[in-house]
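Q: I've got a model open and I'd like to learn how to read it. Can we go through it feature by feature?

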Amino acid sequence: MSSTFAPGAKTEEDNLLVKSPEKLAELESYIDSLPLSENPDRNRGFLIQSLHKAQEIFTYLPGCVQQYVADKLKLHRSEVYGVISFYSFFTDQPVGRHKINVCTGTACFVRGANKILDEFKRYLNIKEGETTPDGKFSLGALRCVGACSLAPVVMLNDKVYGNVTTKMVPEIINDCED
Amino acid sequence: MTINSAEALKEHVAKLKSAAAPETKILVSMGTCGIAAGTTPVLEAINKYIEEKNLQNAFEVVEVGCMGLCHSEPSIEVINTVSGNSIIYGDVSEVQVQAIIDAGADEIARGTKTVERTWYYPEKEENTTNAIQAKVVLKNSGRINPEVLDDYLVNDGYGALAKALCEMKPQEVVDEIIASGLRGRGGGGFPTGKKWQFAAAQKTDEKFMICNADEGDPGAFMDRAVLEGDPHSVLEAMAIGGYAVGAHTGVIYIRAEYPLAIKRLRIAIEQAEKAGLLGKNIFGSGFDFNIELKYGAGAFVCGEETALIHSIEGMRGEPTFKPPFPAVQGLWKKPTIVNNVETYANIGAIIRKGANWFKTIGTAGSPGTKVFALAGKINKVGLVEVPMGTKLKDMIYTLGDGIVDGKKFKAVQTGGPSGGCITASMIETEIDYESLKALGSMMGSGGMIVMDEDDCMVNVAKFFLEFTLDESCGKCTPCRIGNKRLFEMLEEICDGRGTMETLDKLKSLSMTIKDTALCGLGQTSPNPVLSTIKNFEDEYLAHINEQRCPAGVCTSLISYQINDKCVGCTLCARNCPVNCISGEKKQLHEIDQSKCIKCGVCFQACKFHAIDKI
């Protein structure tokens, strides 16, 4: 974590912007297209959507990306980091190629979501919020995708699996080819 | 096309109504849960068959939002626009599509499942069928294509805005909303008109209308249904509110977990701007109004209005002390109205039909309807809209069709993590803001999670506390530390380590948090604990005094054992995820208790009742 704080530190992730100039260009053109106002205080209001875009492009928000967004919106890096650490949607850690999210909303809970989550943890041998060492899977829990009639529900990337049983866990994992 | 006056709107609608259209409409439910349940291939099959048979002139296929029939998705409705006949099909598969289209709207296709209509539309018709549901908020959801502006316009869309801007003064709009008795549908139940009055009274250069679409209560999805099924109704209402209080900017704060709702809102805003229904000089009245979208980023506390405002300002979503209320000092320190999606969805009908009409629905203290999301251990999971004052019994047994597998109804949790449970003995309760409060629960946003005899209420309370812990912003001590201690005490009880002293501490700390937390999240977080202790104290006592979990849920207090009914079929051993069951074929099996993870798979798999949960 300390490396993401040190401004200008030459770590591998600091090269991310240099390594992928096309991604950087995409983010730059997005922020430049925002209707930034004459009132600099109000430009802070564009921070969260800029971070959404940045995470969409880079899949996570390493220190260099945080610094870049901060500079563009004329904010301090600590303010950007404060926002990232507050909202569960944002992450400054790399994520797996496949995201498995077990819904632990109330309807799924009463229909046994915890057992499903436990089975994923056991099967992948990682905890909630972690990524497998090969970088293939990230496991998480989310609160309600609103598909309560299909409870318990698991999301694999954007696909929803309904009425999941512990027996289906290996099948779901095998659905990911690479 | 621009609609620049109320007359132009009338002319445009008249033209739409007289235009030739196919006689039969097929409505296909394309909300998030419909799509998840597999509506897309059904839609493709319908379009393919119509094209193959050249039926384009006879059938119009309409992709609609949520019909509320989650229990029967994929669902479609076939309507004859001339005779008015309609049939709703549930659990539709691709192979049934041909038969359904061939049968049309006048006879039921063979080999299909139909769904009974349990609602009526108060704005358009009398309740002649004794329907339990009354659709005001959801009147267009599941009826129109949310991505087609004309579909909304032909159903009185933007008529209320035209009426407000061209025939009413701003104060008259505020007075009408006050007179209607409409109360905030986000849970608190504060009178909407009064809120508007506060903001209208402020003299400043700038005011804001915010729509709170940060629906975070797990198990509640009514706001999503409105935004996915009828987005223009919210835009129209925000513009009406803007006119009433003197605001020219609207902001919709929507959670990022709702991609389909975001997409449809974006389309709707663009359409309305293009048609002149948002923007400058709407209907030639001189009133300007614009709406922008802001996204949440996964923080439940942002449903609290001051936290939500901070989040829009690009800060951490932490609440601040009220007063000042946002209606006086809100976004960018300007007077701001924050209303929930469902509240806005009522505004159009009130302006069109009047406050007196609105008050004929619901109860004296809580006029109108409320949308509930029925979920949990119930046969017909779905979205229902009922008049305030509807009995809980009617919702659970008539609309919800009772409990799954014929089990015993135990409790229903309303108000999510801020609410409490209502037990079987209170099933005759007529639901409104006051009655739920009197029972130690609250309306909340309208999630209703039904629980049966297999649910442990101590564990349920622990579940909600875990949620609050996760979502507490950490700003005030009672919520940050108090809830953590509550959670630990519940853990102790669930593990069989609790004492009577734990129970006493649990109660007194709960009361302290209620009295001292900064915002609504903290003040209501002990509700699930207090309500389960009040209604199910015997379950707490069983955990404490007998180290027993009556529902057989708390894993530390249960174990699985094989009895002599075992025939040695090996099914349990083959299903066990940790291979802790041993035994020869046709011999009595045995569970190695040291390895057992108590997942219950063997218990469910056994066909001979040979596994006991102790």
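A: Sure, and let's begin with domains. Keep in mind that this is a predicted model. In chain B, the domain assignment gives domain 1 (21–117), domain 2 (149–357), domain 3 (369–452), domain 4 (457–545) and domain 5 (559–613).

Q: How many residues does each side bring to the contact between domain 2 and domain 3 of chain B?

A: Domain 2 of chain B puts in 16 residues, and domain 3 of chain B puts in 19 residues. Taken over C-alpha atoms, the centres of these two domains are 27 Å apart.

Q: What about chain A, which domains does the assignment give there?

A: Chain A is assigned domain 1 (2–86) and domain 2 (98–174). Their centres, again over C-alpha atoms, are separated by 30 Å. Along its principal axes, the C-alpha atoms of chain A fill a box of roughly 55 × 35 × 25 Å.

Q: And what is the secondary structure of chain A?

A: You'll find 9 helices and 4 strands in chain A. Reading from the N terminus, the order is α-α-α-α-α-α-β-α-α-β-β-β-α.

Q: Back to chain B. At what angle do helices H9 and H13 pack?

A: H9 (residues 222–229) and H13 (residues 341–353) of chain B pack at about 50°, and their axes are 9 Å apart. Because of that angle, H9(B) counts as oblique to H13(B).

Q: Which residues make that contact?

A: From H9(B) it's B:Met222, B:Asp223, B:Val226 and B:Leu227, while H13(B) offers B:Val341, B:Glu342 and B:Ala345. Sorted by class, the contact of H9(B) with H13(B) has 5 nonpolar residues, 2 charged ones and no polar ones.

Q: How do I go about finding empty space?

A: The general idea is to roll a probe the size of a water molecule over the atoms, which shows where empty space is left. Here, a search of the whole structure turns up 8 cavities of 30 Å³ or more. The largest cavity holds about 100 Å³ of space.

Q: Which residues lie nearest the centre of the largest cavity?

A: Those are B:Lys139, B:Asp230, B:Ser233, B:Ala345 and B:Arg352, out of 16 lining residues. You've met B:Ala345 already, in the contact of H13(B) with H9(B).

Q: Which elements give two or more residues to the lining of the largest cavity?

A: Helix H10 (231–245) and H13 of chain B do. H13(B) supplies the largest share, 4 residues.

Q: And how does that lining divide by class?

A: The lining of the largest cavity has 6 charged, 5 polar and 5 nonpolar residues.

Notes:
Residues are numbered from 1 along each chain as its sequence is written. Chains are lettered from A and ligands numbered from 1 in the order in which they are written. This is a predicted model: local features need pLDDT of at least 70, side-chain atom pairs count only at pLDDT 80 or more; totals for chains, interfaces and linings use all residues. Side-chain values use heavy atoms; hydrogens and water are left out. Axes are lines fitted to C-alpha atoms, for helices over the stretch in contact, and angles run from 0 to 180 degrees between N-to-C directions. Angles under 35 degrees count as roughly parallel, over 145 as roughly antiparallel, 65 to 115 as roughly perpendicular and the rest as oblique. Contact means heavy atoms within 4.5 Å. Ala, Val, Leu, Ile, Met, Phe, Trp, Tyr, Cys and Pro count as nonpolar, Asp, Glu, Lys and Arg as charged, and the others, Gly among them, as polar. On a 1 Å grid over the protein atoms alone, a cavity is a set of points where a 1.4 Å probe fits but cannot get out, and a pocket is an open set with protein on both sides within 12 Å along at least five of seven lines; lining residues have an atom within 4 Å of a point. Grid points are joined across faces, edges and corners, and a volume is the space filled by probe spheres set on the points. Domain bounds come from an automatic or database domain assignment.
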